[in-house]
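User: Please walk me through this model feature by feature, with the general idea before each case. I would like to start with how to place a residue among helices and strands.

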Amino acid sequence: MKIKVPASSANLGPGFDSIGIAISLYLTIEVLGETSHWYVDHQMTDIPHDETNMIVASALKVKPDLPPHKLRVYSDIPLAHGLGSSSSAIVGGIEIADRLGHLGLEDHEKIEMAAQMEGHPDNVAPTILGSLVVGCKVHGHFTAVKAPVPPFALIAYIPAYNLKTSDSRAVLPKSLTFADAVQASAVANTAVAALFAQDYQKAGELMESDLFHERYRSQLVPELEIIRNVGHKHGAIATYLSGAGPTVMSLVDPQHINDFVNGVREAGLKDEIRRLEVAPTGVKYLED
Ligand SMILES: Nc1ncnc2c1ncn2[C@@H]1O[C@H](COP(=O)(O)OP(=O)(O)O)[C@@H](O)[C@H]1O
Ligand SMILES: N[C@@H](CCOP(=O)(O)O)C(=O)O
């Protein structure tokens with residue numbers, strides 16, 4: 001059995017810890033036979049091969065008595081780059097528990113479990129449901145709603161350096177004043193309304209007006225402001241910090257992709273640029 005899990009790009013600017021989009025990079029997990037102990041065969045550096053591996057640990061949180069198996073893992077999701085690798089690992093683990101344990105979990109139950117493990121639903125909800133999802137925690141439980149997908153190309157600038165989510169969260173303030181929280185959530189609310197209304201000029205402007213996290217994190221990812229400025233001249237409707245960074249994501253008019261990419265290169269940025277698609281479906285189970 002095989003499990004295919006998309007990556008995700010969270011926040012979309014002001015939707016901090018709430019909004020995310022599933023994208024066309026994948027974690028693939030092959031579940032091989034039963035063994036005496038869990039073993040994860042993979043080529044990633046500094047990632048455990050035993051039951052402490054995040055995929056196995058997540059599966060065991062859901063069903064502690066799962067019999068040990070050998071897994072083979074392939075991934076084209078860069079680790080610690082703001083493209084949701086840890087959420088994909090968690091969601092993959094939950095799917096293993098569901099399939100091997102014959103649990104018959106519904107999507108909303110998977111979202112609840114995954115978001116409880118990750119702490120927020122913005123990566124795990126699109127990874128489970130596919131496409132663009134808005135979610136939150138209310139009365140201790142997670143809930144999520146699919147939103148229309150903007151018809152723009154997703155162009156990711158993926159810096160070579162890593163940035164762990166925990167390090168990027170460490171620069172955020174512990175609290176906001178009441179007035180700042182009201183203003184930041186009003187921007188986010190209006191951005192979501194513009195996405196549902198498919199008013200992309202307004203949505204783009206509001207996606208670039210986050211007040212929750214980007215201003216604190218831009219010191220860690222100087223490429224954000226540079227690419228945002230390129231986008232204003234070369235056909236992007238919005239540029240935001242993908243997840244906790246360092247990937248910078250731009251929504252670009254498909255007719256202007258070459259202009260935009262040339263603009264990024266002319267601005268002196270030399271790391272990887274990838275055109276990604278929105279993944280319309282979330283985690284998938286494939287018989288073989
Ligand atoms: N395929 C995987 N298998 C096991 N652990 C993984 C996998 N992908 C990610 N992780 C774990 O998640 C960590 C990266 O998480 P994080 O810092 O939140 O960055 P990201 O933005 O990529 O989610 C890795 O160091 C590793 O511990
Ligand atoms: N809302 C979180 C999202 C983290 O996403 P990741 O892809 O960097 O794990 C945050 O901004 O910290």
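Analyst: Helices and strands here are DSSP runs, of at least four residues for helices and at least two for strands, numbered from the N terminus. Keep in mind that this model is predicted. With that in hand, Gly82 falls in the loop between β4 and α2. His81 is in that loop too, where β4 spans 69-75 and α2 spans 85-100.

User: Does a record say anything about this stretch, or rather, what feature does UniProt place at His81 and Gly82?

Analyst: An unreviewed UniProt entry marks a "binding site" there, at positions that include Pro78, His81, Gly82, Gly84 and Ser88. Such annotations may be inferred rather than shown by experiment.

User: Is Gly82 buried or exposed?

Analyst: The general idea is to count C-beta atoms within 10 Å: 20 or more others make a residue buried. Gly82 has 30 such neighbours inside 10 Å, so it counts as buried. His81 is buried as well, because 26 other C-beta atoms lie within 10 Å.

User: Which residues is His81 in contact with, once neighbours within four places in sequence are left aside?

Analyst: Contact is a matter of C-beta atoms lying within 7 Å of each other. On that basis His81 touches Ile158, Asn162, Pro246 and Thr247. For Gly82, the sequence-distant contacts are Leu163, Leu241, Ser242, Gly243, Ala244, Gly245, Pro246 and Thr247.

User: Now the ligands. Which residues come nearest to ligand 2?

Analyst: Gly82 turns up again here: with Ala10, Gly84, Gly243 and Ala244, it is among the nearest of the 16 residues around ligand 2. Gly243 and Ala244 are also on the contact list of Gly82. By class, this shell holds four nonpolar, nine polar and three charged residues. Domain 1 (2-147 + 279-286) and domain 2 (153-276) each give at least three residues to it.

User: And which element supplies the largest share of the shell around ligand 1?

Analyst: That is α2, with three residues. At least two residues each come from α1 (54-62), β4 and α2. There are 20 residues around ligand 1, and Met54, Ser85, Ser86, Ala89 and Thr165 come nearest. The shell has 10 nonpolar, nine polar and one charged residues. Here too, domain 1 and domain 2 each contribute at least three residues.

User: Let's move to strands. How many bridges join β5 and β6?

Analyst: Two strands are taken as paired when DSSP finds at least two bridges between them. β5 and β6 (residues 141-147) have seven, in the antiparallel sense. One of the pairs is Val138 with His141 in β6. Two residues sit between the strands of this hairpin, and His139 takes a positive phi near 50°. β5 (residues 132-138) also runs antiparallel to β2 (residues 19-34), with three bridges. There, Gly20 has Val133 of β5 as its bridge partner.

User: Let's close with a residue inside β5. Why does Gly135 count as buried?

Analyst: Gly135, which lies in β5, is buried because 25 other C-beta atoms lie within 10 Å. Beyond its neighbours within four places in sequence, Gly135 is in contact with Ser18, Pro121, Asp122, Ala125, Phe142, Thr143 and Ala144. For a distance to check on screen, try Gly135 to Leu251: they are 116 residues apart in sequence and 21 Å apart in space, C-alpha to C-alpha.

Conventions: Residues are numbered from 1 along each chain as its sequence is written. Chains are lettered from A and ligands numbered from 1 in the order in which they are written. This is a predicted model: local features need pLDDT of at least 70, side-chain atom pairs count only at pLDDT 80 or more; totals for chains, interfaces and linings use all residues. A residue is buried if 20 or more other C-beta atoms lie within 10 Å of its own, exposed if 12 or fewer, and partly exposed in between; C-beta atoms are placed from the backbone. Two residues are in contact if their C-beta atoms, placed from the backbone, lie within 7 Å. A residue is near a molecule or strand if its C-beta atom, placed from the backbone, lies within 6 Å of it. Ala, Val, Leu, Ile, Met, Phe, Trp, Tyr, Cys and Pro count as nonpolar, Asp, Glu, Lys and Arg as charged, and the others, Gly among them, as polar. Domain bounds come from an automatic or database domain assignment.
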